[in-house]
Amino acid sequence: MALSIAHTQLPEASPSIDGELLIAVEDLSLSYGSGKRNKQVLGHINLEIREQEFVAVLGSSGCGKTSLLRILAGYEQLSAGRINVLGKDRVSPNADVGVVFQHANLFPWLSVQNNVQFGLKMKRLPKPQREEIASEIIAQVGLAPFAHYLPYQLSGGMKQRAAIARTLAADPRIMLMDEPFGALDAITRENLQSMLKLIWKNSRRTVFFITHDVDEALFLGTRIIVMNGSPGRIGTDIANPIFEDGGSIASLRKNKEYSFLRESLLERM
Amino acid sequence: MALSIAHTQLPEASPSIDGELLIAVEDLSLSYGSGKRNKQVLGHINLEIREQEFVAVLGSSGCGKTSLLRILAGYEQLSAGRINVLGKDRVSPNADVGVVFQHANLFPWLSVQNNVQFGLKMKRLPKPQREEIASEIIAQVGLAPFAHYLPYQLSGGMKQRAAIARTLAADPRIMLMDEPFGALDAITRENLQSMLKLIWKNSRRTVFFITHDVDEALFLGTRIIVMNGSPGRIGTDIANPIFEDGGSIASLRKNKEYSFLRESLLERM
Amino acid sequence: NSSKSGGKDKYPKEVTIGYQVIPNAELLVKTKGLAEKKFPNVKINWKAFDSGRDVNTAIAANSIDLGLAGSVPVAIGVTNKLPYQVYFLHDIIGEAESLAVRNSSGVKSVKDLAGKKVGVPFGSTAHFSLLSALKLEGLDASKVTILDLQPQDILAAWQRKDIDGAFVWNPILSKLIADDGSILVTAQQLADKGSITADVGVVRTAFANDYPNFLKDYVSVLDEAVKLYRDKPEEVAKDLAPVLSTDEKDALAQTKQLVWLTSAEQSNAKYLGSKKSESGFADVLLQTAQFLVDQKQIPSVPKLEDFQAAIRQEALKK
Amino acid sequence: MNTRNLGISLLAVIIAFSAWWIVSVSGAVSHLFLPTPVAVWKAFLEVINEGYKGSPLVTHIGESLKRLAIAFAIALLTAIPIGMLSGYFAKVRAFVDPFIEFYRPLPPLAYYTILVLWLGIGDSSKIALLALAAFAPLYLAVVSGVSKVPKDRINGARSLGAKDWDIFVHVIFPSTLPDLFTGIRTSIGMTYTTLVAAEMVAAVSGMGWMVLDASKFLRSDIIFVGIILMGLIAVLIDVLIRWLEYNRVPWKGKE
Amino acid sequence: MNTRNLGISLLAVIIAFSAWWIVSVSGAVSHLFLPTPVAVWKAFLEVINEGYKGSPLVTHIGESLKRLAIAFAIALLTAIPIGMLSGYFAKVRAFVDPFIEFYRPLPPLAYYTILVLWLGIGDSSKIALLALAAFAPLYLAVVSGVSKVPKDRINGARSLGAKDWDIFVHVIFPSTLPDLFTGIRTSIGMTYTTLVAAEMVAAVSGMGWMVLDASKFLRSDIIFVGIILMGLIAVLIDVLIRWLEYNRVPWKGKE
Ligand SMILES: Nc1ncnc2c1ncn2[C@@H]1O[C@H](COP(=O)(O)OP(=O)(O)OP(=O)(O)O)[C@@H](O)[C@H]1O
Ligand SMILES: Nc1ncnc2c1ncn2[C@@H]1O[C@H](COP(=O)(O)OP(=O)(O)OP(=O)(O)O)[C@@H](O)[C@H]1O
Ligand SMILES: C[N+](C)(C)CC(=O)O
Ligand SMILES: [Mg+2]
Ligand SMILES: [Mg+2]
């Protein structure tokens, strides 16, 4: 999957993968406010995401990463251009597109078990089946002993794992994640990175993953997008040349292309 | 100032500097709660900090970094051992020991100008003098155009700069900082790191600086402490062999000792 | 509320009577259960009220069938076209309501009240009597500080020496007398000079039309109570004492301060009369209302015929 | 009141009680103004044993609590749905708010006469008065609760497949629970302080009526009994609701 | 009420008004129950031109507002310092709270007779009743405000050289300002709803007394004038305080 690249220049071409086209964005713009207060946040975004891609999105603060994700999730309406997510032109939040935020956003009145079951309940799945699926996924993210805890009884990392489990349980075709590990300490963060990688390896679910950590992007993304400018646009869009199916950030850093890639990406932010 | 170290092993000895001894901690322990709920958080900490040192503190989450800082600041009382800060055995919060937190903790009802003046007002400095000193420091941290803004009108990075300015204006002999850049995005973070480094270079004020970012520690600290274990103790205490007076994290990364040091420190967390 | 049944000779299944704790025939009827005895198949609901104002409101709200209110609230009610009529005078207020003044205040006559503070419950019979007394003595009401006080607050104010006098009824009146007070004017004296006040039985007109016989028979029960009182006042006092929260002796004294009248006596033209056109009490109500207009208490007053129409003499007839 | 300083709270009560005792027994003030603790205790026993004016004490307490409970139930059943709609749909809120804003600050006694005219002297006007007192704080709490529901919590639920009705039942309602409980507490408080006003017209039972009636006859001892009783019952109700809250909304203040 | 849906709010008012007009003019209910808008308007003009029972309308409004203002000022001057002490020193709070918890839920009418006995029938008992109604919500808001002051804000101030008194004046007081304003609004609300009760005894002026007196004389039109007036004035007061709050505490809800 990794394209080989020259050491002196990054390939600007978008990667060509054969999977089904799940997300297509054409000439998208977004403005907030109206009249004098109008502020264009995104301008002329073009983007295609296919099945099985893990797209890591980098970009300086305020360049519009979150805004783009919210449009893809149907939380925000674009101001101009065209969008198509899973065949629909008018996107509204639905169970096929899962979302995980920086802050876990769990339902505080539901136990971990019930939070994870939420999506299944909405699908009107019978209770025993719901419970089985949820328990399995909870075990997978290592929260089995805490299944009956309420969110406030969990640490930040545990909450984040529960949130990921909840989205996974709903079995969306696409997962949109907005700096899901941003609020965590280094150790927890590394654990969750490995967990996410493993999950992706097993399910090959399409992921759109915003981060401000270049190492994280290089570790997780099969493809890396860098956004910049104001209004924000996509400046760089490459296949990750050093993507490995397993490994760790530490082993990544030993890759000889790593330092160069890192610097190049930072520069482009 | 930097000790030369062997490439295969980190020197475990505490660095010997000739400055005045400002902080001395001997066999310090701390427990929270009592009875069944008792939990020992710090155990047998020994630490000496001298004038002009910039001590960067690393350590996994929950190992007690913040707790140690709070004891040094006089916010928390130790359970056992001895402590001496600026010659006093019973430490209570005072103007000689400045504190900066991860979240700016500004007074929300005071403008930047008045926040920065706060310490001077407490010293009963006459108003014109107060204003002069504050304006100067505000300009130094690049907030001059925002001097009359209230905190809620500032971005995260601006708030953090105002908080640092406020502590600097009070002119403490020691500055204790607890992940002051933890909540910021990568770009802002780098700017503030450079700013702090510059300020330290000019004032050589003693700093105790907690971070979870190894790069940040290597960039800023003349000395690096790694805490670990439960109850937390000081596992590693070295002079930073690659400390430079100027530079940037990017240039740091080019240092050939960088990768090894980084891995060793991460390992020790 | 009463439920209607059958023709005009029938009793209602239920009747709601709004009474007040005043030592008169109706209180005796209630205390001795005379009505329950007389109407074994009628459910009688007794509702206690503190003021004619609330009785007016309750009648207007269709919540009670019979009620007891002072002549002043009734004049106000008729003026406002409340759908009720006077069917009985439960008592003529004699010495039960009086103007008491504190001895130490130096007030010897009504005229001395100028510049003094006097408490009275506004909109009550006592309020009317006080204003009448001032008018009779030619003292402008604006020269006296008249305070709107409920009886219990009058006593509190009296004890604290916040007021110099009060026009009020029992049990508070006797407490004022007991505490350095003396009586300056009684309602009896004012009645003698034409300013009559009374406690009045009113009935919802619709109820009276539906159950004329019940009303007649209820009046006969009231007559029975008046006779009982005239025959054995001590026994009556003994029955009423606990209801009045007082002792027998005081209860007897209190009953004597009110004039109890039988229906026959009330048929006199001086009182309710026997014909619409010759009801002395209609004149009293008109005078009362006119007086309230003069005192700027109410905006306007209806014609005499309206007051005459509001007297129902039928129930008095044997 | 936390348990750590329970001793001090107890001390406060004892000091207040002693002060009362000393002042009243010393004779410095008339017993009419301040009955002695002994007199109040005797009055309490008397009311316990013989009742007050025809009804046993439990009837007085029961009648008052019944009125409060019915009024509060009416407020709950109306304020929660209306408040949820108002909180969710700005237009509904714009329609309902003028009425609430207008009647909320009105003294209950100002419109009590009108209520009696409309609903009669029975329990319905009393209950209506209490329910009106209960409605506004409950409604406002629900509206504020709903408008505080994070937009992204609703979005998140939709992304998990929740439809409109699911959102109401499974997201908005539970989200407002903490505010609802706060509202319930203020609402019951408001209702309770209106109790005496409600029992002013044509009542012959109820704690409020008892105090009013006692004050008509200047029975200070009974007034004190009534006040102390009402205060203690109010504290009990509040403790009960806090306990319920603690059990139903354990995450309150910890989100 | 936001401005975007002002039209809908206006519509609500118009609908309510029309409903009133139609029902009252149709004759379906007696004018005693529901006077016509025209009658109310006439009564309003009458009261404006001739006053009510000896005092011009402005005097009635002024007297009520004066009582409210004095009572509220007393509550402010007592509740803020006591509340600050209670919030800061757990022991003070343990001492004060039993009294507050006990009297707060009591219906004002329950203890009004006692207040009249103690303070007389003048304005002082009225003001005391109103001040008691105002005190509890203000006190509770200040206590909650103080106990919400982040521990590290105080520590931070000490690290900048603040001493005990500085902490109170420069940290705790301004920190509680947002809660104080919330407290002020509920407190004024509580005081206002007690206004009629306060003017029940020995008043000959005041909006509350006007409504009470009008109901004695079955003047529904005046009752309506009084209620509408009281409602509008309350809304005005609330707008004023919100405006003050917006100007004094611009950071509220944005920390
Ligand atoms: N609701 C809104 N109204 C107005 N402007 C907004 C709104 N939301 C975001 N913006 C602006 O849009 C721009 C893009 O914001 P966005 O949150 O998408 O950036 P981002 O790339 O996610 O930044 P970060 O890395 O800090 O999360 C910013 O300038 C922001 O101030
Ligand atoms: N007030 C407290 N009461 C009880 N336990 C506490 C308290 N404060 C901290 N702890 C516990 O003490 C331990 C050390 O906490 P501390 O905040 O000092 O860690 P830290 O090294 O700063 O962690 P982080 O990197 O996450 O900030 C943790 O286990 C924490 O749960
Ligand atoms: C509702 N309040 C208790 C505030 C006032 C009253 O009883 O009239
Ligand atoms: Mg973002
Ligand atoms: Mg910490």
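**Exercise 1. Find what fills the largest cavity, and describe its surroundings.**

*Solution.* The largest cavity is the space taken by ligand 3. Here a cavity is a set of points, on a 1 Å grid over the protein atoms alone, where a 1.4 Å probe fits but cannot get out. A molecule sits in a cavity if more than half of its atoms lie within 2 Å of its grid points.

The model is predicted: local features need pLDDT of at least 70, side-chain atom pairs count only at pLDDT 80 or more, and totals for chains, interfaces and linings use all residues. Residues are numbered from 1 along each chain as written, chains are lettered from A and ligands numbered from 1 in written order, and side-chain values use heavy atoms, with hydrogens and water left out.

Step 1: place the ligand. Ligand 3 lies between chains D and E.

Step 2: compute its cover. Alone, ligand 3 exposes 260 Å², and the protein buries 100% of that (Shrake-Rupley method, 1.4 Å probe).

Step 3: list neighbours (a heavy atom within 4 Å). Chain D supplies D:Pro108, D:Leu109, D:Thr193, D:Thr194 and D:Ala197. Chain E supplies E:Pro108, E:Thr193, E:Thr194 and E:Ala197.

Step 4: sort the shell. Five residues are nonpolar, four are polar and none is charged. In this scheme Ala, Val, Leu, Ile, Met, Phe, Trp, Tyr, Cys and Pro are nonpolar, Asp, Glu, Lys and Arg are charged, and the others, Gly among them, are polar.

**Exercise 2. Determine how chains D and E are related.**

*Solution.* Step 1: superpose, by least squares on the C-alpha atoms of residues with pLDDT of at least 70 in both copies. Chain E lands on chain D with an RMSD of 0.1 Å, after a turn of 180° and a shift of 0.0 Å along the axis. The two copies are thus related as by a two-fold rotation axis.

Step 2: compare interfaces. Of the interface residues of chain E, 100% are also interface residues in chain D, so the copies meet through the same surface.

Step 3: rank the pair. Six pairs of chains touch, and chains D and E have the most contacts among them (heavy atoms within 4.5 Å).

**Exercise 3. Repeat the analysis for chains A and B.**

*Solution.* Step 1: superpose. Chain A fits chain B with an RMSD of 0.0 Å, by a turn of 180° and a shift of 0.1 Å along the axis. In chain A, the C-alpha of A:Ala183 is nearest the axis, 3.9 Å from it.

Step 2: compare interfaces. Since 100% of the interface residues of chain A are also interface residues in chain B, the copies meet through the same surface.

How values were computed. On a 1 Å grid over the protein atoms alone, a cavity is a set of points where a 1.4 Å probe fits but cannot get out, and a pocket is an open set with protein on both sides within 12 Å along at least five of seven lines; lining residues have an atom within 4 Å of a point.
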